[in-house]
Amino acid sequence: MDEFTNVFFEAEAVLRSKLESCERLLRDYERQRTEIASRLDEVKKTEVMNKYGVMEGSTLTVTVMELELNQRVIADIYIEVALGENIGTTTICRNAYNRSWNETFVYDVEKDDIPLRFGLKQVAMQGEEDKEIDFVMVDVRKLRDQQKKEELLELYDGAGRLRVTLQWLHSRVQYLTELLRKWDDQVAEQKMHKDELWNDLETLFEPFPPLKISRRKTKLALTQKPQREQVEDINKKFENLQDGKDTSADAVWTQFSHRAMIAFALFAILVHTDRSNNLDLLICIFYVFVHELSKFSKKNVLFLQSLLGISLIMDIPYLVIYSSVSSSYPLTVSQPYWKDTRIDQGMLRPIHRVEIILSWMLLFVKGFMVYVQQMVMNEQEALRVEADVFLF
């Protein structure tokens, strides 16, 4: 049984850990999506398109990464990057088989019919013009999807391959809209993954209905304590409930019981000043005894409820008789005793109006106490069942 319990707890811990990671990732995705949506709203207000359908301030970003030559060239070479009349050159690379630059160039683009040209050039001797060894051209229109692309371009005369990254932003609105759609897909995919983890966690608890987790009650798995800790918490709470010391929301009726007993004791003492009320005083003493010894077990609560029931049954006929005395009694009475009529013949002792009123109030408190004790037992039973199921 211990081995099964350990496997159960470990499986739960793994699923909770995955759920926690999934939730963190989901929050990050939603944050980034919100930022993109905010930027999109701002760009929509400021973006202006030219007559070629390209936004003003459109840019083409080119990064020349490295050159792989098919044969060794014992020369100083560089790459010339040209977009129309806008020309940029990399630094000179000296006598190396594979050249690496990682240099970036940014060009303003007004329309998409101007090709992007990469020329491989050799540094000439002093006084001579640099010689072009090979070249390759790229159609800018192929970059209209605005995505950053890494390309390995084959030079036309077969001198080698040039690795570059290219990105043309011709419409920020279109770019951010597409980016927002991708984040929506990411968020939806992550939510689906989260639901799958929840299903796995619920499947784990399915054979044990009292342990079953509700997504409505617990919005997220990580908001709950692991079952191993819940076992300890429930056992501690059950002990506190039996001790009468639990002040949590789960022990609300136990707290009601303490307050109701204070009112019961107060009325019982006041009523006892005018008539014998020993059973009620005995109930008060028993409650204090149970509370001080922290013995609010089901047996003691049931015994207390029984005493309250007996006292309640005894009070009902007493109050019925003395609240309104019939003319059939061997007394000359013209009005009920609750109006403070005094009888001096000695057949019935005087009953004061205040004592009758207090007795009625005490009766209602007793009835409430009987109900409260039943709710206390229900609280204990609920925790006992939960603890038993946790401990299998």
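Start by selecting strand β5, residues 98–108 (strands are DSSP runs of E of at least two residues, helices runs of H or I of at least four, both numbered from the N terminus), where asparagine 102 is found. This is a predicted model, in which local features need pLDDT of at least 70 and side-chain atom pairs count only at pLDDT 80 or more, while totals for chains, interfaces and linings use all residues. Residues are numbered from 1 along each chain as its sequence is written, and side-chain values use heavy atoms, with hydrogens and water left out.

Asparagine 102 is not a glycine, yet its phi is positive, near 55 degrees; with 52% relative accessibility the residue counts as exposed (over 50% relative accessible area, against under 20% for buried and in between for partly exposed, with a 1.4 Å probe and protein chains only).

Next, select glutamine 146, in the loop between β7 (131–138) and β8 (149–154). Glutamine 146 also has a positive phi, about 65 degrees, but is buried, at 1% relative accessible area.

Move on to helix α2, residues 172–205, whose 34 residues reach 49 Å from first C-alpha to last, close to the expected 50 Å (1.5 Å times one less than the number of residues). Its buried residues include Val173, Leu176, Leu180, Trp183 and Val187. An α-helix has 3.6 residues a turn, so residues three or four places apart point the same way.

Finish at residues 214–224, where pLDDT (the predictor's confidence in each residue, from 0 to 100) stays under 50, and at residues 244–250, where the pLDDT is below 50 as well. Where pLDDT is low, the predicted coordinates should not be read in detail.

Note on methods. Contact means heavy atoms within 4.5 Å.
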